[in-house]
Amino acid sequence: MLFSISFFDVVVNIISGIAMIIFIIASMIKSKNKILSWQCIGHMIFVFVETMTKAWSSIVQEVIGITRNLLTITKKNTKVISILLIILGAVIGVAVNIIFKPKDAPWFGSWVGYLPVVANLEYSIIVLRKNSTVRTIKLSFCISSILWGLNFLFLGVYVSAILNFICAITALISFFKFKNNMNIEEEEVKEN
């Protein structure tokens, strides 16, 4: 048989597919807080999937992503907290990749384990900037989705890989359609 798919693989792909559908929905939303709220739900589901697949550096990034989004939504993020989150995500992500490296990997771990770290790092910097626009977030989300898609592709979580690439395309299309480049605060006031 060319492809041997276990029950475990099917379950992991179904659950991760649900999380990715949530991220795709988030990529089409025009409100920063709504985008970040939907993403929190997707991140929580991925923590479960990544625990099952032992993708440890990915779990760190999901937890940082949830924290980052909640602090941004509740307007409790300060410059110090933002910088601390970005540094923690990168440092702990790299450390976990080194400590829990796959068998036969070099001392620095697998390069695949760094994809979520880079994805979260670039996205966190954009989301936590107070003057980021919805357009900027969508473009950053596109880049992040590509990196996560590659990560899932190498982990064998094919549904999430494919859906991440679809999410990247959706975010990019939405980026070009969303021509208004005003600040987030102006957009939020305009929506309400």
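**Helix packing and two residue environments**

In this predicted model, helix 4, which spans residues 79-99, packs with helix 5 at an angle of about 180 degrees, and the axes of the two helices lie 9 Å apart. Because angles over 145 degrees count as roughly antiparallel, helix 4 and helix 5 are described as roughly antiparallel to each other. The contact is formed on the side of helix 4 by Ser82, Ile86, Gly89, Ala90, Gly93 and Val94, and on the side of helix 5 by Val117, Leu121, Ser124, Ile125 and Leu128. When these residues are sorted by class, the contact of helix 4 with helix 5 comprises 7 nonpolar and 4 polar residues, while no charged residues take part.

The protein in which this pair is set has a secondary structure of 8 helices and 0 strands, and the pattern read along its sequence is accordingly written as α-α-α-α-α-α-α-α. The chain has 192 residues, of which 50% count as buried. The accessible surface of the protein amounts to about 10,100 Å², and carbon and sulfur atoms account for 74% of that surface. With regard to contacts between residues at least 6 apart in sequence, 69% join residues that are at least 24 apart.

Two residues, taken from different parts of the chain, illustrate buried and partly exposed positions. Val118 is located in helix 5, which covers residues 115-128. The relative accessibility of Val118 is 44%, and because this value falls between the cut-offs of 20% and 50%, Val118 counts as partly exposed. Although Val118 and Leu147 are 29 residues apart along the chain, a distance of 7.7 Å separates their C-alpha atoms.

Phe152, by comparison, belongs to helix 6, which runs over residues 134-155. The relative accessible area of Phe152 is 2%, and since buried means under 20%, Phe152 is assigned as buried. Apart from its neighbours within four places in sequence, Phe152 is in contact with Phe46, Glu50, Val157, Ser160, Ala161 and Asn164. One of these partners, Glu50, lies 102 residues from Phe152 along the chain, and the C-alpha atoms of Phe152 and Glu50 are separated by 9.8 Å.

Key:
Residues are numbered from 1 along each chain as its sequence is written. This is a predicted model: local features need pLDDT of at least 70, side-chain atom pairs count only at pLDDT 80 or more; totals for chains, interfaces and linings use all residues. Side-chain values use heavy atoms; hydrogens and water are left out. Helices (H or I, at least four residues) and strands (E, at least two) are DSSP runs, numbered from the N terminus. Buried means under 20% relative accessible area, exposed over 50%, partly exposed in between (1.4 Å probe, protein chains only). Axes are lines fitted to C-alpha atoms, for helices over the stretch in contact, and angles run from 0 to 180 degrees between N-to-C directions. Angles under 35 degrees count as roughly parallel, over 145 as roughly antiparallel, 65 to 115 as roughly perpendicular and the rest as oblique. Contact means heavy atoms within 4.5 Å. Ala, Val, Leu, Ile, Met, Phe, Trp, Tyr, Cys and Pro count as nonpolar, Asp, Glu, Lys and Arg as charged, and the others, Gly among them, as polar. Accessible areas come from the Shrake-Rupley method with a 1.4 Å probe; for residues, only the protein chains shown count as cover.
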